[in-house]
Amino acid sequence: MKPLYSQSIDEVLQQLQTTASGLTDQQAAERLRQYGPNRLAGAAKPTLLQRFVAQLRDPMLLILLVAAAVSGLTNYLAGESFAEAIIILVVVLLNAGLGVFQESKAEAAIEALQTMTAATCKVIRSGKQLTLHSDELVPGDVIVLEAGDSVPADGRLLESASLKIEEAALTGESVPAGKMAAALGLTPDRREVPLGDRKNMCYMGSAVVYGRGKAVVTATGMQTEMGKIAGALAGTKDEQTPLQRRLEELGRTLSKLVLGICVFIFVFDLAMAGSFTLQNVLSTFMVAVSLAVAAIPEGLATVVTVVLSIGVTNMSKRQAVIRRLTAVETLGCTQVICTDKTGTLTQNRMTVVEHQGDTAALATAMALCNDAHLNSDGRAEGEPTEAALVAFAAAQGLPKGQLEAERPRVDELPFDSGRKMMSTLHRVNDGFIQYTKGAPDVILQRCTSYRENGTVHPLTEAKRADLLAQNKAMADRALRVLAAAERRWTQPPTSHDSADWERDLCYLGLTGMMDPVRPEVQAAIAQCRQAGIRPVMITGDHKDTAVAIARQLQIIDDPSQALTGAELDAMSDEELARKVQQYGVYARVQPEHKTRIVAAWRQQGAVTAMSGDGVNDAPSLKMADIGIGMGVTGTDVTKNVADMVLADDNFATIVAAVEEGRRIYDNIRKSIQFLLASNMSEVLGVFVATLLGFTLLNPVHLLFINLITDCFPALALGMEKGEPDTMQRPPRRTTEGIFAGGLGLDIAWQGMLIAAITLVSYILGHCMEVGFFEMPRGVSPDGMTMAFLTMSFCEVCHSFNMRSQRKSLFSLHSHNPVLWGAMAGSLVLTTAVLEIPPLAAMFGFTPVSLPEYLVALALALLILPIVELVKWFQRRHARTA
């Protein structure tokens with residue numbers, strides 16, 4: 001059988017058992033069952049058992065397994081029960097299970113976000129154009145391709161209008177390939193055409209960069225050319241944010257430091273004991289293990305991952321879909337937001353409210369030089385600007401369907417952001433007529449005549465100036481203005497050179513479209529100003545239109561703060577970098593200008609976000625610190641390179657995402673501060689107690705504290721609401737470390753404070769046990785029990801202090817119910833292991849009297865007033881500094 005690229009269109013359709021009108025829904029459903037979803041096979045996910053084993057490979061858990069073995073050996077030699085060894089094993093299994101659960105939840109959250117940004121495509125079924133998820137495509141479907149689309153499956157082209165497709169992923173050729181619909185001929189010397197030369201085929205994973213076309217799907221999923229190399233694409237690594245990498249490095253550093261301290265304590269204890277019996281060596285080893293358990297914040301990486309996944313899920317509920325986790329951190333540092341005007345600052349609901357020129361000829365040109373259409377209900381469908389023009393023509397009694405029947409399109413030059421024009425060629429009775437629409441100033445440069453009252457007149461410079469003044473008057477009223485022109489041909493043009501087509505045109509008139517500003521945008525821009533973020537408007541519209549809207553939104557307050565693309569071209573990159581802060585509006589820009597603007601801001605050291613929707617916006621989105629794609633009007637190409645996709649194309653959503661990014665980062669810092677201060681208190685407590693000659697807590701006690709009273713409050717802090725001043729402070733610097741703003745110092749003194757309170761509780765417990773004051777030696781059952789209670793409850797109370805680094809806990813008007821739940825649960829479980837005899841015996845606790853219990857709780861509560869007092873001094877110092 002001949003390959004599909006060498007068959008005629010009729011032969012291809014016959015072989016695939018389909019028609020140019022597409023499959024029926026029933027046929028598509030049957031083929032979907034036969035061929036399966038149109039998706040590539042991803043990397044195999046690890047099973048639950050594999051995840052569990054991976055958790056057990058954690059160095060901290062391996063140390064605990066060794067500790068369980070040593071504890072069991074010690075208990076065996078002493079003829080005691082194996083309770084401690086069993087508890088350590090249970091805690092290890094619980095910790096691993098909790099890690100698997102949290103990892104699975106975080107992965108599920110990220111997968112849910114990927115589903116929200118799943119690719120869609122335009123499909124013709126039963127003669128009607130639909131938009132479907134790409135994984136629903138089947139062989140035989142007819143797809144519509146336009147500039148900016150990702151090709152969703154392999155296909156044979158049925159139509160090509162100046163179609164160009166970038167196929168570098170498959171062919172390595174960076175220059176887009178021109179496409180055609182005709183069959184490719186084979187010769188005895190050429191029995192097969194190389195993939196890169198198959199000009200009538202399109203392939204999954206490639207991108208349409210120009211023109212439009214239709215294709216019939218020939219292969220889906222793993223049967224596509226991309227599917228054949230999918231194995232090489234599947235092995236991608238899990239992405240980590242800079243913060244996660246820094247915390248991993250911190251964990252490794254802490255581990256090395258702790259190992260050094262553990263060795264010192266081990267040697268020091270043995271030397272002080274003066275005995276090297278097996279029993280003594282094993283008990284000394286357990287003390288060293290206690291220190292390791294206390295020092296390593298095993299929940300840190302898990303907490304950060306879970307907080308990030310919860311945060312991006314919350315962002316998606318606010319219509320901002322994060323595609324790369326690194327964007328969450330960068331959002332909090334954003335200093336400049338470069339945004340499109342149409343659809344982002346405005347509602348993208350175009351309506352023609354004013355027009356100038358020959359109405360019938362103007363409306364005909366605007367409707368035919370257009371890819372929108374009227375549906376069966378008479379409503380215009382398509383890109384908002386084009387739909388508005390089709391609706392305008394229909395309102396003049398010129399429905400597009402009727403016009404197309406009278407003047408069928410035979411050729412076209414698609415819209416190009418560089419030319420700022422689109423041209424179509426139509427067959428008429430006496431030959432051919434070309435319609436061109438685009439930016440008025442550009443159209444008028446190509447015109448040599450104009451139509452008025454049905455008569456064509458030469459276009460003088462005075463008339464050109466008058467028409468430009470009409471354009472400016474419309475633009476000054478914040479209207480989006482387009483012009484239309486025509487040209488007669490006796491024979492169709494032989495080339496597709498725009499310079500040949502778009503000259504000697506006859507001007508027809510102007511249309512002015514109103515696109516109302518989104519009502520929530522003005523407040524969002526004011527919020528940007530408060531947050532130290534500079535909003536910058538970038539648009540292809542006329543400068544006067546852009547200035548009018550920018551002044552209405554208070555993006556600029558003077559027209560001198562606006563720059564056109566032509567003025568930008570006259571500047572060198574160095575001059576632009578020097579002056580970029582002077583401008584808040586860029587009008588009549590081309591895609592390459594966006595890249596220069598981003599580069600200039602970044603050269604000034606500003607963290608820059610850039611939004612875009614067109615196929616040519618992809619380079620500027622990739623260059624920006626945060627590329628923002630449009631979920632409604634955006635092309636597949638821009639969405640694929642974006643770090644974040646707006647589900648509603650709304651500027652206010654960008655600002656909301658920045659606020660959420662700041663909140664997430666603040667909460668991660670709170671969790672880190674709480675965990676490290678808690679672990680420091682445990683390390684210092686165990687270390688000082690060892691130097692003083694008594695055992696503060698056993699490894700199993702520290703494990704319980706780390707698992708119950710550390711991990712769950714830390715997760716609860718990750719769900720804290722944003723503080724009132726979240727968007728009233730300047731952006732965080734990218735060079736700012738995780739311990740900036742006095743966080744490291746706060747961790748140090750708070751860790752020492754909790755350790756001191758716990759040591760005091762131990763000493764008081766021992767004294768209340770013996771009835772007089774003395775420094776404890778060895779193990780004091782009452783002292784250890786009180787120290788456990790104090791440290792557990794002190795850390796839980798301290799988690800409330802962490803709700804704000806500097807503000808008073810009592811000044812916060814919001815509540816964190818999850819934190820209250822964590823506190824209640826921790827208190828109940830802590831009391832349970834103390835008061836329920838079997839549990840108390842397993843943990844080695846002794847019953848304490850009510851006075852001892854109340855003293856331990858009172859000491860734990862001291863953390864609240866002491867931290868409040870220090871915060872007050874810190875706020876006072878900050879005000880006077």
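Let us start inside the protein: V258 belongs to helix α9, which spans residues 242–273. Helices here are DSSP runs of H or I with at least four residues, strands are runs of E with at least two, and both are numbered from the N terminus. This is a predicted model, in which local features need pLDDT of at least 70, side-chain atom pairs count only at pLDDT 80 or more, and totals for chains, interfaces and linings use all residues. Residues are numbered from 1 along each chain as its sequence is written, and side-chain values use heavy atoms, with hydrogens and water left out.

Is V258 buried or exposed? V258 counts as buried because its relative accessibility is 6%; buried means under 20% relative accessible area, exposed over 50%, and partly exposed in between, with a 1.4 Å probe and protein chains only. V258 also has a partner far along the chain: V683 is 425 residues away in sequence, yet the C-alpha atoms of V258 and V683 are 9.0 Å apart in space.

Now for the whole protein. There are 33 helices and 25 strands, and the C-alpha atoms fill a box of roughly 115 × 70 × 50 Å along the principal axes. Of the 881 residues, 53% are buried.

On the surface, L73, Y76, L77, F82, I86, V90, L94 and L278 make up a nonpolar patch with about 770 Å² of accessible area together. Helices α4 (59–78) and α5 (83–116) are the elements that give two or more residues to this patch. One of its members, L94, lies in α5 and is partly exposed, at 48% relative accessible area. Patch residues have over 30% relative accessible area and no salt bridge, with nonpolar side chains (Val, Leu, Ile, Met, Phe, Trp, Tyr) joined within 5 Å and like charges within 9 Å. A salt bridge is a side-chain nitrogen of Lys or Arg within 4 Å of a carboxyl oxygen of Asp or Glu. Accessible areas come from the Shrake-Rupley method with a 1.4 Å probe, and for residues only the protein chains shown count as cover.

Two loop residues deserve a look at their backbone. Most residues other than glycine have a negative phi. The table lists two with a positive value.

| Residue | Phi | Loop between | Relative accessible area |
|---|---|---|---|
| S126 | about 55° | β1 (120–125) and β2 (128–133) | 47%, partly exposed |
| Q554 | near 65° | α20 (543–552) and β21 (562–564) | 54%, exposed |
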